[in-house]
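Please look over the model shown below before reading the notes. They are arranged by topic.

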Amino acid sequence: MNFQLFNNLEYIMQEFFGFPYILSVYRTIEMWATRLLAFAHLVTLSISTPPGFPLSGNGLWFNTSADVWANEWLPVGNGYLAAMIPGGTAYEATQLNIESLWSGGPFSDPSYNGGNKESGDQFSVSQVMDGIRQQIFQSRSGDISSISQLTTEPGAYGSYAGAGYLISRINTAGTVSNYGRYLDLDEGIARTTWTQLGTTYIRTTICSHPTQACTQHITTTVSRGSAPPLPDLLYSFSSNQETGLPAPNITCLDSNTLQIRGTIEPNGGMIYEIIARLQTVPVSGRTETTHCIQYPVPFGSPANATLQVKAGTSREAWISWVGDTDYSMDAGNSESGYSFRGSDPHGALFGLISSPTLDTSSFSSLLSQHVADYKAALTDKFSLSLGQKPRLDVPTDVIKTMYQIDVGDRYLEWLLFNYGRYLLFSSARGLLPANLQGKWANGYANAWSADYHSNINIQMNYWAAEMTNLDVTIPLFNYFEKTWAPRGAYTAQVLYNISRGWVTHNEMNIFGHTGMKGPGDTASWADYPESNAWMMIHVWDHFDYTNDVAWLKAQGWPLIKPLTHADLTGCAHAQQLIWQLFNAVEKGFDASGDTDTAFLAEVKAKRAQMDKGIHIGSWGQLQEWKVDRDSPTDTHRHLSHLIGLYPGYAVTGYDPSIQGNLTKQQVVDAATVSLIHRGNGTGPDADSGWEKAWRAAAWAQLGNATEFYHELSYAIDRNFGPSLFSLYNPFDPDPIFQIDANLAYPAALLNALIQVPDVASYSTPLTVTLLPALPKQWPSGSIKGARLRGGLTLNLQWSNGKPVSAYFKADDEIGSRTVRVVYKGKTLASFKTASGLTTSISRF
């Protein structure tokens with residue numbers, strides 16, 4: 001079946017004939033053809049999960065090796081490092097990532113200044129800015145001709161890059177049978193198994209957070225008797241497949257240790273290093289099992305070497321690698337000249353690879369340490385059931401192919417939830433936060449630089465973190481503190497003529513790119529000075545969930561306080577965010593230990609004066625702009641003016657006494673109208689998964705289970721690939737991986753089961769709504785360990801579409817908050833929180 005032909009036919013029908021009926025028929029044929037092929041796949045192959053796949057079904061498995069990186073490879077990571085596993089047999093090419101490996105920045109160009117104007121331009125820029133503001137306020141529509149004078153060439157902006165490939169070779173022959181590969185989400189393990197000439201090979205890959213290393217292990221079994229020793233094994237490094245990455249120097253440090261060292265750019269740039277150490281369990285009596293071979297190379301070429309396990313000497317072997325660069329966030333300030341340059345990575349890496357926890361005679365001890373950490377930090381703290389049954393007879397890619405919008409599949413939906421948490425957990429526990437691709441990137445230059453887009457994407461990455469009990473946000477806040485705030489203060493002064501606070505814009509790298517990215521009239525996407533305010537809502541949320549006063553004083557408050565000097569004019573999105581930020585300042589003031597009461601009074605005064613960003617337009621919509629200019633046919637991917645619906649509360653918790661003269665129902669109805677007219681997340685500007693995940697969460701916030709589930713299942717059907725990666729362009733043969741939909745999916749799903757929106761004042765009770773948008777497809781289920789605002793933990797169980805038990809436990813050392821528990825508009829219970837308090841509800 002030629003699906004490329006189908007795609008061409010779709011284009012022809014849309015562009016030249018405009019036959020909606022024919023297009024509908026085409027879509028139906030395509031859908032059933034795909035599903036028939038999936039059914040044929042089941043009939044022709046002997047299907048069963050590979051040995052060791054978790055009986056819980058919590059994992060992805062396949063019975064063919066991977067081809068397309070974004071469609072089929074499997075990810076592992078520990079935050080510091082990441083790897084993608086294709087599942088080869090005699091030849092395996094594991095693609096590697098180091099979290100800070102970026103091109104560009106001051107490493108590439110010493111004059112790089114974060115895309116900012118020069119300090120001497122401040123006066124002229126301020127005059128331009130004043131003129132632009134006057135034009136805006138004089139324009140009846142708010143439109144002006146240009147702001148190109150405010151933008152700046154991106155310069156050496158750079159991109160997150162892949163770090164090359166670890167090539168593993170096994171000298172074996174014979175037909176491959178019993179092939180399988182899987183990613184175990186119960187234990188964080190990627191594994192490939194196959195049989196040749198009666199011997200079964202088992203290759204296991206982990207990335208361990210305690211060791212800050214990744215490890216690949218190989219062993220064999222036979223059906224009877226003792227397995228023979230391993231054949232020849234060869235381990236090498238290649239940059240050839242990482243197009244654009246210069247070849248590094250590869251040298252032997254000793255008989256079982258390889259050093260890979262290079263720069264990311266041909267003429268220099270950031271230094272990176274990987275140290276790999278090979279270890280074995282020797283056959284009895286064998287002492288020399290490994291060998292490092294240094295190859296002769298032509299004059300002027302980089303050194304090259306390979307590690308070898310000699311045939312017949314070992315029962316099992318494993319290679320561990322650590323990696324880093326000379327990047328440092330601590331040097332991202334004016335005192336360091338914004339150099340972002342740290343120490344040479346070699347010494348620290350050699351210490352890691354030689355540490356007793358990593359340089360061990362037992363792979364099982366490494367694996368046990370990894371699994372214990374993984375379970376304690378990820379799976380033991382939180383769990384979800386949707387009443388799913390494990391599907392152990394159908395590979396993941398086939399399950400995905402057979403998925404249908406609105407019909408759904410509880411097992412796949414549950415699996416995607418766990419996978420989203422896994423991907424955030426595996427990419428966010430390093431020094432840098434998860435980027436547009438987590439920490440997995442293939443190639444020297446990646447789509448949108450695999451950077452930090454701050455107008456929805458980085459926020460969406462972390463939506464599920466607090467509520468699903470993931471302790472992964474501190475690296476995010478460190479990133480703000482050390483790369484946004486220092487140069488952002490310079491941007492505020494030079495671009496906006498503001499002497500207090502700091503400003504960032506839409507696209508951010510790891511080198512403090514705080515300027516408005518140009519060149520030209522890029523305002524529609526680059527002019528986003530609200531990015532800092534939105535991210536400070538995440539800072540506030542961390543305190544609201546944890547009540548960590550020491551952290552608030554040390555980091556949270558110093559980030560939030562300077563941003564209250566913002567301009568109070570702007571669109572609905574900006575005003576709703578700033579209003580929420582001012583509320584956070586008032587709520588957090590006492591706990592922060594701040595004694596600057598004049599500052600607090602100034603914030604309150606500004607809040608009283610400001611437009612709160614809630615207006616209803618001529619066709620019943622929640623206005624996006626200051627003037628009533630919204631189009632009912634605008635299906636733009638962003639829901640910016642609905643930020644107060646989700647993830648904010650300016651709409652959800654609308655209070656006429658402090659926000660305006662409308663009723664809450666009028667505001668919610670207007671938001672509903674806007675959401676309907678914004679479309680389903682497939683429009684002329686984009687067809688991404690993240691916009692559908694946002695819409696699903698918004699429909700859940702409105703309590704509309706049908707629309708919530710439709711949008712969620714539409715996202716799954718259209719934007720998630722065979723390996724369950726979210727794909728920006730799913731019909732491309734080599735699609736772009738963009739992780740935000742993967743990471744937002746758990747938040748959107750959970751918003752249908754539990755809602756606890758923030759409130760404007762501590763005097764307003766927290767409202768916990770149980771099963772606000774439960775779809776009929778999930779009649780029974782449970783949640784254990786959900787975190788709520790106010791330092792609460794919730795265990796919830798439901799059956800036949802109704803809750804049967806809800807158990808609340810308060811943290812120790814928390815402040816008192818009034819809490820209301822609501823189901824279907826009825827208050828089930830009301831209580832005041834106190835340290836260690838427990839409350840159970842069993843009557844609904």
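The notes cover one sheet, one helix pair and two residues in helices.

The model is predicted, not experimental in origin. In it, 5 strands make up an open sheet with antiparallel pairing. Helix H13 and helix H15 cross in a left-handed sense. Two residues in helices, Gly488 and Ser426, are buried.

**Open sheet**

- The strand order across the sheet is E17-E22-E23-E24-E27, and the pairing is antiparallel.
- Strand E17 (383–385) and strand E27 (838–841) are the edge strands, each of which pairs on one side only.
- Between neighbouring strands of this sheet the average turn is 15 degrees, with direction ignored.
- Strand E24, which spans residues 802–810, pairs with E27 through 4 bridges in the antiparallel sense.
- Within that strand pair, Tyr807 has Ser840 of E27 as its bridge partner.

**Helix pair H13 and H15**

- Helix H13 covers residues 531–546 and helix H15 covers residues 572–592; their axes come within 9 Å and cross at roughly 35 degrees.
- The crossing of these two helices is left-handed.
- On the H13 side, the contact is made by Ala533, Trp534, Met536, Ile537, Trp540 and Phe543.
- On the H15 side, the contact is made by His573, Leu577, Gln580, Leu581, Ala584, Lys587, Gly588 and Ala591.
- By class, the residues of the contact between H13 and H15 are 10 nonpolar, 3 polar and 1 charged.

**Gly488 in helix H11**

- Gly488 lies in helix H11, which runs over residues 474–496.
- The relative accessible area of Gly488 is 0%, so this residue counts as buried, the cut-off being under 20%.
- Gly488 and Gly501 are 13 residues apart along the chain, and their C-alpha atoms are separated by 8.0 Å.
- With neighbours within four places in sequence left aside, Gly488 is in contact with Trp502, Val503 and Thr514.

**Ser426 in helix H9**

- Ser426 lies in helix H9, which runs over residues 410–427.
- Ser426 has a relative accessible area of 1% and is therefore buried by the cut-off of under 20%.
- Apart from neighbours within four places in sequence, the contacts of Ser426 are Gly77, Asn78, Gly79 and Trp440.

Technical notes
Residues numbered from 1 in each chain as written. Predicted model: local features only at pLDDT ≥ 70, side-chain atom pairs only at ≥ 80, totals over all residues. Heavy atoms only, no water. Pairing = 2+ DSSP bridges. Axes fitted to C-alpha atoms, helices over the stretch in contact; angles between N-to-C directions. Buried < 20%, exposed > 50% of the residue type's maximum accessible area, 1.4 Å probe, protein only. Contact = heavy atoms within 4.5 Å. Left-handed = near helix turned anticlockwise from the far one by under 90°. Nonpolar A, V, L, I, M, F, W, Y, C, P; charged D, E, K, R; others polar.
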